[in-house]
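Thank you all for coming. I would like to walk you through one structure this morning, so please take a moment to look at the sequence and the model before I begin.

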Amino acid sequence: MTRKIADCRKHPSVSHCSLTISGEEEEVVRAAAEHAVSVHEHTDSPELREQIRTMLEDEQVNV
(Lines give C-alpha, C1' and ligand atoms only; values in the text may rest on other atoms or scores of the structure.)
Protein backbone atom coordinates (compact mmCIF):
# COMPACT_ATOMS: atom_id res chain seq x y z
CA MET A 1 0.00 0.00 0.00
CA THR A 2 1.28 3.48 -0.88
CA ARG A 3 1.90 5.72 2.10
CA LYS A 4 0.39 9.21 1.97
CA ILE A 5 1.68 12.60 3.12
CA ALA A 6 -0.09 15.70 4.43
CA ASP A 7 2.33 18.65 4.48
CA CYS A 8 1.26 21.90 6.16
CA ARG A 9 4.08 23.81 4.46
CA LYS A 10 2.17 23.55 1.18
CA HIS A 11 -0.85 25.38 2.62
CA PRO A 12 -0.38 28.98 3.81
CA SER A 13 -1.34 29.66 7.40
CA VAL A 14 -0.91 32.38 10.00
CA SER A 15 1.16 30.01 12.16
CA HIS A 16 3.60 29.09 9.35
CA CYS A 17 3.21 25.47 10.37
CA SER A 18 5.88 23.03 9.17
CA LEU A 19 4.29 19.73 10.24
CA THR A 20 4.34 16.80 7.83
CA ILE A 21 2.28 13.67 8.57
CA SER A 22 2.83 10.39 6.74
CA GLY A 23 1.31 6.93 6.94
CA GLU A 24 -1.58 4.96 5.56
CA GLU A 25 -4.33 7.16 4.13
CA GLU A 26 -6.87 6.77 6.93
CA GLU A 27 -4.21 7.37 9.60
CA VAL A 28 -3.05 10.54 7.88
CA VAL A 29 -6.57 11.89 7.36
CA ARG A 30 -7.42 11.29 11.03
CA ALA A 31 -4.17 12.84 12.33
CA ALA A 32 -4.34 15.78 9.91
CA ALA A 33 -7.94 16.51 10.92
CA GLU A 34 -6.98 16.46 14.61
CA HIS A 35 -4.06 18.77 13.84
CA ALA A 36 -6.24 21.13 11.78
CA VAL A 37 -8.67 21.43 14.69
CA SER A 38 -6.14 21.81 17.50
CA VAL A 39 -3.60 24.05 15.76
CA HIS A 40 -5.39 25.80 12.89
CA GLU A 41 -8.79 26.20 14.61
CA HIS A 42 -10.80 24.39 11.93
CA THR A 43 -13.98 22.51 12.82
CA ASP A 44 -13.82 18.74 12.37
CA SER A 45 -16.38 17.64 9.82
CA PRO A 46 -16.77 15.19 6.95
CA GLU A 47 -16.11 18.12 4.60
CA LEU A 48 -12.80 18.93 6.31
CA ARG A 49 -11.69 15.30 6.13
CA GLU A 50 -12.61 15.11 2.45
CA GLN A 51 -10.68 18.31 1.76
CA ILE A 52 -7.66 16.83 3.54
CA ARG A 53 -8.01 13.62 1.54
CA THR A 54 -7.88 15.55 -1.76
CA MET A 55 -4.65 17.28 -0.69
CA LEU A 56 -2.75 14.11 0.19
CA GLU A 57 0.26 13.16 -1.86
CA ASP A 58 1.98 9.82 -2.33
CA GLU A 59 5.11 9.45 -0.26
CA GLN A 60 8.26 9.35 -2.37
CA VAL A 61 10.47 6.43 -1.43
CA ASN A 62 14.20 6.90 -1.89
CA VAL A 63 15.81 3.61 -2.82
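What you see here is a predicted model, and I will begin with its interior. The largest nonpolar core is made up of ten residues, namely A6, I21, V28, V29, A32, A33, A36, L48, I52 and L56. Both α1 and α2 contribute at least two residues each to this core, and the largest share, five residues, belongs to α1. As a general background, nonpolar side chains in soluble globular proteins tend to be buried together.

Let me stay for a moment with one member of that core, V28. Which residues does V28 contact, once we leave aside its neighbours within four places in sequence? The list consists of K4, I5, A6, I21, S22, G23 and L56.

From there I turn to the sheet. This is an open sheet of three strands, in which the order reads β2-β1-β3 and the pairing is antiparallel. Since β2 and β3, the latter spanning 57–58, stand at the edges with a single partner strand each, one side of each is left without a neighbour in the sheet. Between β1 and β3, which run antiparallel, there are two bridges, and if you look for K4, you will find that its bridge partner in β3 is D58.

Next comes the largest pocket, whose volume is about 470 Å³. Its lining involves 24 residues, and those that lie nearest the centre are C8, H11, H40, H42 and M55. Which elements supply at least two residues each to this lining? They are β1, at 4–7, α1, at 25–38, and α2, at 46–55, and α2 provides the largest share, with four residues. As for the character of the lining, 14 of its residues are nonpolar, seven are polar and three are charged.

Finally, I would like to point out S15, which is placed in the loop between β1 and β2, the latter covering 20–23. Is S15 buried, partly exposed or exposed? Its relative accessibility is 43%, and because partly exposed covers the range between the limits of 20% and 50%, S15 counts as partly exposed. Not counting residues up to four places away in sequence, S15 touches V39 and H40, and H40 is one of the residues that lie nearest the centre of the largest pocket. The C-alpha atoms of S15 and E41 are separated by 11 Å, although these two residues are 26 residues apart along the chain.

How values were computed. Residues numbered from 1 in each chain as written. Predicted model: local features only at pLDDT ≥ 70, side-chain atom pairs only at ≥ 80, totals over all residues. Heavy atoms only, no water. 1 Å grid on protein atoms, 1.4 Å probe; cavity = no way out; pocket = protein on both sides within 12 Å on 5 of 7 lines; lining within 4 Å. Points joined across faces, edges and corners; volume = space filled by probe spheres on them. Nonpolar A, V, L, I, M, F, W, Y, C, P; charged D, E, K, R; others polar. Core = buried A, V, L, I, M, F, W, Y, C linked by side-chain atoms within 4.5 Å. Buried < 20%, exposed > 50% of the residue type's maximum accessible area, 1.4 Å probe, protein only. Contact = heavy atoms within 4.5 Å. Pairing = 2+ DSSP bridges.
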